[in-house]
Amino acid sequence: MSFTRTLRAVGGAVVAGALLFGTAPVASADQIRNDQWALKAFGAEDIWKISTGKGVTVAVIDDPVDGNHADLKGNVLPGKSFIDGGTADRPYGKREHGTAMASLIAGHGHGPGDSDGVKGLAPDAKILPVGVDLQDPDSVAEFGKDLKFADALRYAVDHGAKVVNMSFASGSDSPGDKEAIAYARKHDVLLVAGTGNSGTDTLAYPAAMPGVLAVGAVGKDLHVWNRSNYGPHVKLIAPGVYIRSASPVEDVHGKYRLANGTSDATAYVSAAAALLRSKFPDLSAGQIANRLVKTAGLPDDKKGMKLPDAHYGYGFIKPYSALTKDVPAGSKNGPFPALKSGGSSDPSSAAGSNEAGPKIQSDKGLSTPFIILVAVVGLVVLVIILVVVLVAKKKNRRNGPPPGGPGGFGGPGGPGGPGGFVPHPPNPNNSYQQQPGGPGAYPPAPPTQPPGR
């Protein structure tokens, strides 16, 4: 499988540390934690009273992970590197993406009370690193000429992963990859992948494959990041703008990075899934996805839109609500299509019924009789309009021109004329573009409740 971009680079997951800090001195560990606006917005301290992801293994198919990082030590299993055949719990050169994703999922911080450094949303989950060579951001990544994505995914499934984080994208969806997706689903593994960072409706795989929870990125203002890919496959959105995470590479900010991207959003959804799988061990992967979908939220100006929306999916994740609200378990497939008897996903099946989750709309086309009826009605309406116009013209000839002179009602300078009322021009800003927002603004909540509920 050819991976054209990792999500840190599909359209460029922008490392923004230099933009915010320039050549500032090394950031303190406390500042690193303070930078994690998503945790504050989720109300993580209250979430951790309910679930910390304990007992759940999350596979991270990505660059190998730095298992000795202060914020990850003890939470990273050996795993396997498909690059050199060894374990994947050690850095691979200066590539940091895998470590960053692992830290957002299961980082535990360090220092007194683990109050310093990066903390993941599911700090007691275990990371199963599955190392693959995603190469450099601007290169065309070959996922190994003798290695397929299927191999890495099957390894994750066979080694106990209940959630698989796939923060990468490709333009390929080979039959072998589809079979691996079906294999994971048959083993009740929840698959989470990012939609890509090019800001287009280009389908990125595996996110666009049936049975995968496709995730876009949202900023502090609740609106979708302007470089988050979109399309009918998008299911959820999560924080992906100015996200602080761990790195195996030390720079002026310490062993940390700051980035934008659907990669980071994917990691937060995987972490939320780990929280749910820990609290609700008897629910299927689809039922876990169903809880995330049913409790998702929308910004105020997007409420009432038809769901799933191509940009917002069903909305941004609200982990506290997903953990605490009364959500019927529903179908084991949740918002995903059922598996065919042969094991592959059946996109034609209902992707959600009243018990399986929000119903995905399908366009079945128009029947021939209906088209004929519409044409006849349209013809009749056209004839009526022509008759009205002719009658009006005859009447105008009798009554003379309208008052106020030429130019319509009021003449020049009146409504619609020069100097008169001019409709306000449309907002030139993209409604999905990133906008400034303060920490804690994601998602909104009444003052008496922590955010993220």
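## Terms and model

Helices and strands are DSSP runs numbered from the N terminus, a helix having at least four residues and a strand at least two. The structure described here is a predicted model.

## Overall make-up

The chain contains 11 helices and 15 strands. Of its 453 residues, 51% are buried. Among contacts in the chain with a separation of 6 or more, 75% join residues that lie 24 or more positions apart.

## Nonpolar cores

In soluble globular proteins, nonpolar side chains tend to be buried together. In this model the largest nonpolar core has 59 residues, and Leu121, Val269 and Leu292 have the most contacts inside it. Helix α8, which spans residues 262–279, gives the most to this core, with 10 residues. A second core, separate from the largest, has 30 residues; Tyr155, Val189, Leu191 and Tyr205 are among them.

The surroundings of Val269 can be listed in detail. With neighbours within four places in sequence left aside, Val269 is in contact with Val192, Leu213, Val215, Leu236, Ala238, Leu292 and Ile317. Leu292 thus appears both in this list and, with Val269, among the residues with the most contacts inside the largest core.

## Strand β7 and its partners

Strand β7 covers residues 126–131, and 5 of its 6 residues are buried, so the strand is largely enclosed by the rest of the structure. The cut-off behind this statement is a relative accessible area under 20%.

Two strands pair with β7 in the parallel sense. Strand β3 (residues 57–62) does so over 6 bridges, and Asp62 stands opposite Gly131 of β7. Strand β4 (residues 80–81) pairs with β7 over 2 bridges, also in the parallel sense. In β4, Lys80 stands opposite Val130 of β7.

## The second largest pocket

The second largest pocket holds about 200 Å³ of space. Its lining consists of 14 residues, and those closest to the centre of the pocket are Arg185, Asp188, Gly286, Lys332 and Asn333.

Three elements each supply at least two residues of this lining: α7 (175–186), β11 (190–194) and α9 (285–294). By residue class, the lining of the second largest pocket divides into 6 nonpolar, 4 polar and 4 charged residues.

Notes:
Residues are numbered from 1 along each chain as its sequence is written. This is a predicted model: local features need pLDDT of at least 70, side-chain atom pairs count only at pLDDT 80 or more; totals for chains, interfaces and linings use all residues. Side-chain values use heavy atoms; hydrogens and water are left out. A nonpolar core is a set of buried Ala, Val, Leu, Ile, Met, Phe, Trp, Tyr and Cys residues joined through side-chain atoms within 4.5 Å. Buried means under 20% relative accessible area, exposed over 50%, partly exposed in between (1.4 Å probe, protein chains only). Contact means heavy atoms within 4.5 Å. On a 1 Å grid over the protein atoms alone, a cavity is a set of points where a 1.4 Å probe fits but cannot get out, and a pocket is an open set with protein on both sides within 12 Å along at least five of seven lines; lining residues have an atom within 4 Å of a point. Grid points are joined across faces, edges and corners, and a volume is the space filled by probe spheres set on the points. Ala, Val, Leu, Ile, Met, Phe, Trp, Tyr, Cys and Pro count as nonpolar, Asp, Glu, Lys and Arg as charged, and the others, Gly among them, as polar. Two strands pair if DSSP finds at least two bridges between them.
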